[in-house]
Amino acid sequence: MDKLSHIRNFCIVAHIDHGKSTLADRLIENTGTLAKRDMQAQLLDSMELEREKGITIKLTPTRMKYTYGGEEYILNLIDTPGHVDFTYEVSRSLLACEGAILIVDASQGVEAQTLANAYLAIDNNLEILPVINKIDLPSARPDEVKSEIEDVIGIPAGHAPCISAKDGTNIDHVLEMIVKEFPAPKGDVHEKLKCLIFDSFYDNFKGAICFVRVFDGSVKPGDKILMMQTGKTYDVTEVGYFVPNMQSCGKLSAGDVGYIAGSIKTISDVSVGDTITHAANPCNEALPGYKKVQPVVYCGVFPVDGAKYNELKDALEKLKLNDASLEYQPESSEALGFGFRCGFLGLLHLEIITERIEREFNLDIITTAPSVYYKVHKTNGQVLEISNPSDLPSTVEIDYIEEPVVKANIFAPPDYVGAVMELCQNKRGEYKNLTYLDKSRVRIDYILPLGEIVYDFFDSLKSRTKGYASFDYSMDGFSRSDLVRVDILLNGEKCDALSLIVHKDKAYSRGREIAEKLKKIIPRQLFEVPIQAAIGNKIIARETISAMRKDVLAKCYGGDITRKRKLLEKQKEGKKRMRRIGSVEIPSEAFMSILKLDDDE
Amino acid sequence: MSKLGIYVHIPFCESKCLYCDFASFSGAENKQEQYFQFLLNEIKGSQYKGREVDTIFIGGGTPSCVKPDYIESVLRTIKETFVLLDDAEITIECNPNSVDERKLSLYKTCGINRISFGVQSLQDETLKKIGRLHNRDMALGAIALARRLGFNNINADLMLGLPNATEEKVLSDAEILIGYGVTHISAYMLQVEQGTPLFELIRKDPEFVPSDDESVIIYEKLANFLEKNGFLRYEISNFAKTGYECKHNLKYWSGEDYIGFGLAAHSLIRGKKVDQRIANSKNFEEYFAEKKTIDKLYVTDKIVEKIMLGLRCKLGFSQRELESLGYVVKRNRNFKKFLEQGIIFEDGDRVKINPKYYGVSNYIIVNLLPEDF
């Protein structure tokens, strides 16, 4: 039997919440890959955070067996993240597949990321199978959604299975279509080994594990393999499949999706996108791999307890292994001491990484307000690229500054067009286009500064459209802009970690809002503390925290000293979360809180 | 062997005040018989039997709301179990509304020589708002009666931060109490504890009580006024004429041994190897089952307590004592800063808070604790 013709490698893409993980669970269940009793909802979302937030962050492959027409097929599913921040990870898994299931919610229809993901799949020459999900909902309108897919995305959808992943309706139809519609992988078992590393993770016992798609040849334990990009060689100790837990097997060969372990000790030796081949008999040419992804958002990450710098460093190293897109480099701040400036794919990515540092590594950290990457053209002709507001040279040295902008497309019901446009206008957006897709959906295109999106764009969009709008963006180069740095002074001393770069027209209001916010967050001190916002030497806002008058413990009753001591110890514990700027103590939340200013206020 | 202080807790009240978070119960009269029986047994069975006792403090709750015979039997039992010194200070807490001539005389006969009245305020409207059962006339009447019966060591509790409080009213209350012959005033800031009716009242109407800032200003005025009238601030909340400092409370603050009997009573027993704070349970069933919480004091705990208790007293803490526990307070960077800023000062070996900063003593204490614990 020809093995290759009985393999199907595919992924599932969709807008967030359209039911990717639920369909993945059903496929696993219906193929009998796992017994029902071993199933837990959202099986592939194994990270605690993924289940909690109901999102998929990591790629998770699963090998299933399915019998069709009396023959057994191997179906390799690679689950993908749905959030716009993780578009990069989606594109990574696409390279390992021949087909993509595009799920569309039967009542919501095509959304911003449906479109973005569909285009990604088309760009990667994948066969796309549209699937209409949630037909159990009373508001489901599968036929309209099918024509929406044809009109908006431009792919045929007449044959799309209409399913309810939740209820398990028509799942077999999807499985049949996978076999019928998706092409079998091409490749030659007898060729020289050629595997793509599409993801990796660190196992405490086995070392770094490479998630691979084998294109040509085969690999088995004992083989000496070569990583073509890094030039390192390893002895294979184990190969296997994901079912969805790791299960070792004799060998992996062309067409297969699985894993390779080789006692790879150093985290950085596994480069996602690299090609694995045999050291003794290498293939002629490496796979194209992935283009390096550029972080879009940066922020400073510091340990609350300065002594834990090395623990933070270890945590970042470990996270980096499973998350190639995370970038970091050492940074020091007068206010916060030693830490790291980290680059993220977006705000959600930032939030997830910082939460994981706190939870999985049990470290208390302070994060500074997120910033984007600016190009600063100096009068002497030099061009600086900065992501830390503190690095901005003085105004006299600056000729002009460029900030990154994005192409944003927003899908919303027509009733909200006004609200969306007003928001984009507030965010210094440049109007591009407005298209009525059908009577219930409008697509609005804007060029927006990335720095504005980083603030509270998502939340504002959601609240202004009652959650009906969806949003996607892609980077669109740099644009010249009138930007200034607003500094915050506490008791006359500049606090570098609170500085931020904003558009000149917004500097005054932003400075005032931050000063007001800090007044609420910083507890009263023994002395009066002025809070000032300044551009250069010019003070643009001022608030005052009056001196603390009362901080006294209650009467100790009947000799109950213990209670009092415990209260003090608690207070002392709280002090560890404080940072000192000159003589002023600031709670660590203050540094992040300046991000959460509500523009609508 | 050092002399012991004894605390006896009477967890009964006629009614619960709106701010009260202490271990006391109203409407539990049916429990009194059983309670006292158990309490007397607890005293009799004390492992410190035979030790010399130089202070007794009967607190509550409201000790004056139970039959005076109970009080008498408690004191008799203590005398039978321990060696009560002749010059011992014996205090009882009383509410002005629950004392009369017969009761006070009986207290006197059984050796009580110090009375602490829960006056809180002399403003009738204020007293009503916080759920006290007495008024101004009852409070002054009770003090006068005690004086007439020969009690010459009398404390009045005053509370700061109560509804309707103004500087004039609080100072006038203090002036009148001094005129009536009290020798000691404990002035406490109202603490609004979660779960009390007062907490709910303030949640609904934040202006039910004056702001912290207002109360602190009034407190400072009161402290000045009392000092001017010969009541020295020997502890952050306690003012006394010379020689009338409460010896029992001083034991708490200077870390001397005391044992507590009764529900929710606390003891400090210093041992050869380890010091222990022992607390009886706060509810009847557990107390009757002799349930106790034992808190062993390790070096850091001792350091924290020395600083915390010391700085709240006029006497301050001793640097040498802390050094013997391994903590050189001078190396704490806040110490130097506070010295320079005049927030604390040195008096020989002792370190004291500048009285101007008593209001933020907690902040100062926290900042002077060992940095790495």
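**Figure 1. A:K134, a loop residue with a positive phi.** Start with A:K134, which is partly exposed in this predicted model, with a relative accessible area of 22%. That value falls in the partly exposed class because buried would need under 20% and exposed over 50%. You'll find A:K134 in the loop between β5 (127-133) and α5 (142-153) of chain A. Its phi is positive, about 65°, even though A:K134 is not a glycine.

**Figure 2. A:N362, another residue with a positive phi.** Here the spot to look at is the loop between α8 (347-360) and β19 (365-367) of chain A, where A:N362 sits. A:N362 isn't a glycine, yet its phi is positive, near 55°. Is A:N362 buried or exposed? At 65% relative accessibility, A:N362 is exposed.

**Figure 3. The cis peptide bond between B:G60 and B:G61.** Over in chain B, two glycines, B:G60 and B:G61, are joined by a cis peptide bond with omega of about 20°. B:G61 belongs to the loop between β4 (52-60) and α2 of chain B.

**Figure 4. B:F36 and B:Y70, a stacked pair of rings.** How do you describe two rings side by side? A pair of aromatic rings is described by the distance of the centres and the angle of the planes. For B:F36 and B:Y70, the centres are 4.2 Å apart and the planes are at 5°, so this pair counts as stacked. B:F36 comes from helix α1 (residues 32-44) of chain B and B:Y70 from helix α2 (residues 68-81) of chain B, so the pair ties together parts that are 34 residues apart in sequence. Both rings belong to buried residues: B:F36 has a relative accessible area of 2%, and B:Y70 has 12%. Zoom out a little and you can pick out a cluster linked by ring pairs, whose members include B:F36, B:Y70, B:F12, B:F25 and B:F284.

**Figure 5. A:F471 and A:Y473, a tilted pair of rings.** Counted over all chains, there are 27 aromatic pairs. One of them joins A:F471 and A:Y473, with 5.6 Å from centre to centre and 35° between the planes, which makes the pair tilted. A:F471 is buried, at 4% relative accessible area, and A:Y473 is buried too, at 13%.

**Figure 6. Charges sitting over rings in chain A.** Rings can also have a charged side chain over them, as A:R63 shows: its charged end sits over the ring of A:Y241, 3.3 Å from the ring's centre. For a second example, look at A:K375, which lies over the face of A:F478 at 4.3 Å from the ring centre.

**Figure 7. A buried salt bridge between A:E98 and A:R213.** The whole structure has 49 salt bridges over all chains. In this one, the closest N and O atoms of A:E98 and A:R213 are 2.8 Å apart. A:E98 is in the loop between α3 (87-94) and β4 (99-105) of chain A, while A:R213 is in strand β7 (residues 207-216) of chain A, so the salt bridge ties together parts that are 115 residues apart in sequence. Neither partner shows much surface: A:E98 is buried at 13% relative accessibility, and A:R213 is buried at 1%.

**Figure 8. Where chain B meets chain A.** Now for the interface: 52 residues of chain B touch 31 residues of chain A. About 3,800 Å² is buried between the two chains, with carbon and sulfur atoms giving 56% of that area. How many salt bridges are found across the interface of chain B and chain A? There are 8. You can also count 13 residue pairs in polar contact between the chains.

**Figure 9. Salt bridges that cross between the chains.** B:D213 and A:R524 meet with an N to O distance of 2.9 Å. B:E220 and A:R549 form a salt bridge at 3.6 Å, N to O. That pair runs from helix α8 (residues 212-228) of chain B to the loop between β30 (538-545) and α13 (561-575) of chain A. B:E220 is partly exposed at 35%, as is A:R549 at 31%. Then there's A:R563 with B:D21, whose closest N and O atoms are 4.0 Å apart. This pair links helix α13 of chain A to the loop between β2 (12-13) and β3 (25-26) of chain B. A:R563 is partly exposed at 41%, and B:D21 is partly exposed at 37%. Shared partners also join salt bridges into a network, with A:R565, A:E569 and B:R277 among its members.

Note on methods
Residues are numbered from 1 along each chain as its sequence is written. Chains are lettered from A and ligands numbered from 1 in the order in which they are written. This is a predicted model: local features need pLDDT of at least 70, side-chain atom pairs count only at pLDDT 80 or more; totals for chains, interfaces and linings use all residues. Side-chain values use heavy atoms; hydrogens and water are left out. Rings of Phe, Tyr and Trp (its six-membered ring) pair if their centres lie within 6.5 Å; planes under 30 degrees apart count as stacked, over 60 as edge-to-face and the rest as tilted. Buried means under 20% relative accessible area, exposed over 50%, partly exposed in between (1.4 Å probe, protein chains only). Helices (H or I, at least four residues) and strands (E, at least two) are DSSP runs, numbered from the N terminus. A charge sits over a ring if NZ of Lys or CZ of Arg is within 6 Å of the ring centre and within 35 degrees of the ring normal. A salt bridge is a side-chain nitrogen of Lys or Arg within 4 Å of a carboxyl oxygen of Asp or Glu. Contact means heavy atoms within 4.5 Å. Buried area is the accessible area (1.4 Å probe) that two parts lose on being put together, summed over both. A polar contact is a pair of N or O atoms within 3.5 Å; within protein, one must be able to donate a hydrogen and the other to accept it, and residues adjacent in sequence count only if both atoms are side-chain atoms.
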